[in-house]
Amino acid sequence: MTTIAENWGVHEAQFWLRGEFPAEPVGFEPATGAWNVYGHAEALKTLSDPKVFSSDTARLIPKEMSPEKDQFVEGNLLQMDPPDHKKLRTLVSHAFTPKVVADLEPRIAALTNELLDAVEGTDSMELVTHLAYPLPVIVIAELLGIPASDRDLFKEWVDTLLRNSQQRSLTEQTEEDKKAAEETQEQLNNLVNYLGEHVDDRRKNPREDLLTKLVEAEVDGAKLTQNEVVNFANVLLLAGHITTTMLLGNTVLCLDSHPDEYRRVREDRSLLPATIEESLRFLSPFALVARATTTEVELGGQTIPADNMVFTWVAAANRDPRTFTDPGTFDPARAHNPHLAFGRGIHFCIGAPLARLEGKTALNILLDRFPDLRTDPAVPPSFIPSPHMTGVNELQLLLKP
């Protein structure tokens, strides 16, 4: 089987993917004005202690660098700390219980087959376009109650957000930074306005969907504000599909580049869940998680002052040789795999069970229908142009021997 491992065009900022690991687990970077956390044990602390490492990072971004930032913070689960975080997260926890997720499997399987029907009989397919993007978007859109047929709109907006998701300085802003911020703001406004229209509709015409439940929900006796509902839905829509899109592409890429593991999985599908977990470690979808210190803290031999930005590089932590044996090797059979791809603590990805189910179901069907599936060595994959994420934008696959 021909693979394309030697042709991977991994983003230059993700230096640990080239076999290099930082000399120290924690370090300050003057260029960005932030602390970088690379070690697994240290990353675990930043993700598990919200009292010291707050998720409210927007407060550290100067107003002139993000003049409308407050508009997108209210109701944003990713930016919230206890007790408000727990109150809002509880509102949607019922939508991601083990039973609710398990009951979605037939729908996920039907959608996968429907999407793959479009490439049946052809010689090739582009994985992201034909499966990895539309599948999770349709699933989360149906849960929310917004038209899955609008997924091309979502993709246009999200692609711009990802393209401009660069690691920028907290102390100075270049003209390029300003232009990127303006483009990001425009696309965020598009997404927020779109969701706002659906929220307004649910107030008048309630339905049996998650968006209606958010509109009707009460926290401490009060209904959520418009901003809270819209930003809450925004997080669910974006996070609800991006992770699975990257998971699917990364797992196929890992298997194709490791023929022995690929053969084992094709012959024994019980190995697929562990393979997905190793893919999450090896190519972690969300490479970076930001936190803001609330007090001075010692971490990795460094003293981090209060009110400092902390960038926790999850993708680097998942390659920490102090925690993982031979971390640069893709090994689905590894006995110990405490990866942080879905986070830890109160912000552990609420949709992780759904992402895992979508990955397992879709990959099983993909391998069943196309047993000779492999990447096209003439068309190297292209990656998401952001140092904060690890995933393919395009992955061309050959379907026939």
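## Exercises on sheets and cavities

A search of the whole structure, a predicted model, finds two cavities of 30 Å³ or more. Because the model is predicted, local features need pLDDT of at least 70 and side-chain atom pairs count only at pLDDT 80 or more, while totals for chains, interfaces and linings use all residues. Residues are numbered from 1 along each chain as its sequence is written, and side-chain values use heavy atoms, with hydrogens and water left out.

**Exercise 1.** Determine which residues line the second largest cavity, and of what classes they are.

*Solution.* Begin with the term: on a 1 Å grid over the protein atoms alone, a cavity is a set of points where a 1.4 Å probe fits but cannot get out, and lining residues have an atom within 4 Å of a point. The volume is the space filled by probe spheres set on the points, which are joined across faces, edges and corners, and for the second largest cavity this comes to about 70 Å³. Next, list the lining, which consists of Val252, Leu255, Asp256, Tyr262, Leu363, Leu366, Leu367, Leu373 and Arg374. The elements that give two or more residues to this lining are helix H10 (226–256) and helix H14 (352–369), where helices are DSSP runs of H or I with at least four residues, and strands are runs of E with at least two, numbered from the N terminus. Finally, sort by class: seven residues are nonpolar, none is polar and two are charged, with Tyr counted as nonpolar, and Asp and Arg as charged.

**Exercise 2.** Trace the open sheet of five strands and identify the strands at its edges.

*Solution.* Two strands pair if DSSP finds at least two bridges between them. On this basis the order is E1-E2-E10-E7-E3, with mixed pairing. E1 and strand E3 (53–54) stand at the edges, each with a single partner strand, so one side of each is left without a neighbour in the sheet. Now follow the pairs: four bridges join E1 (residues 26–29) to E2 (residues 34–37) in antiparallel fashion, and Phe28 has Trp35 as its bridge partner in E2. The hairpin of E1 and E2 has four residues between the strands, and there Gly33 takes a positive phi near 70°. Further along, E7 (residues 288–293) and E10 (residues 309–313) run antiparallel and are joined by five bridges, with Ala290 partnered by Phe311 in E10.

**Exercise 3.** Describe the open sheet formed by three strands.

*Solution.* The order is E4-E14-E11, and the pairing is antiparallel. Three bridges join E4 to strand E14 (residues 396–398), in which Leu397 is the bridge partner of Met125.

Definitions and conventions: 1 Å grid on protein atoms, 1.4 Å probe; cavity = no way out; pocket = protein on both sides within 12 Å on 5 of 7 lines; lining within 4 Å.
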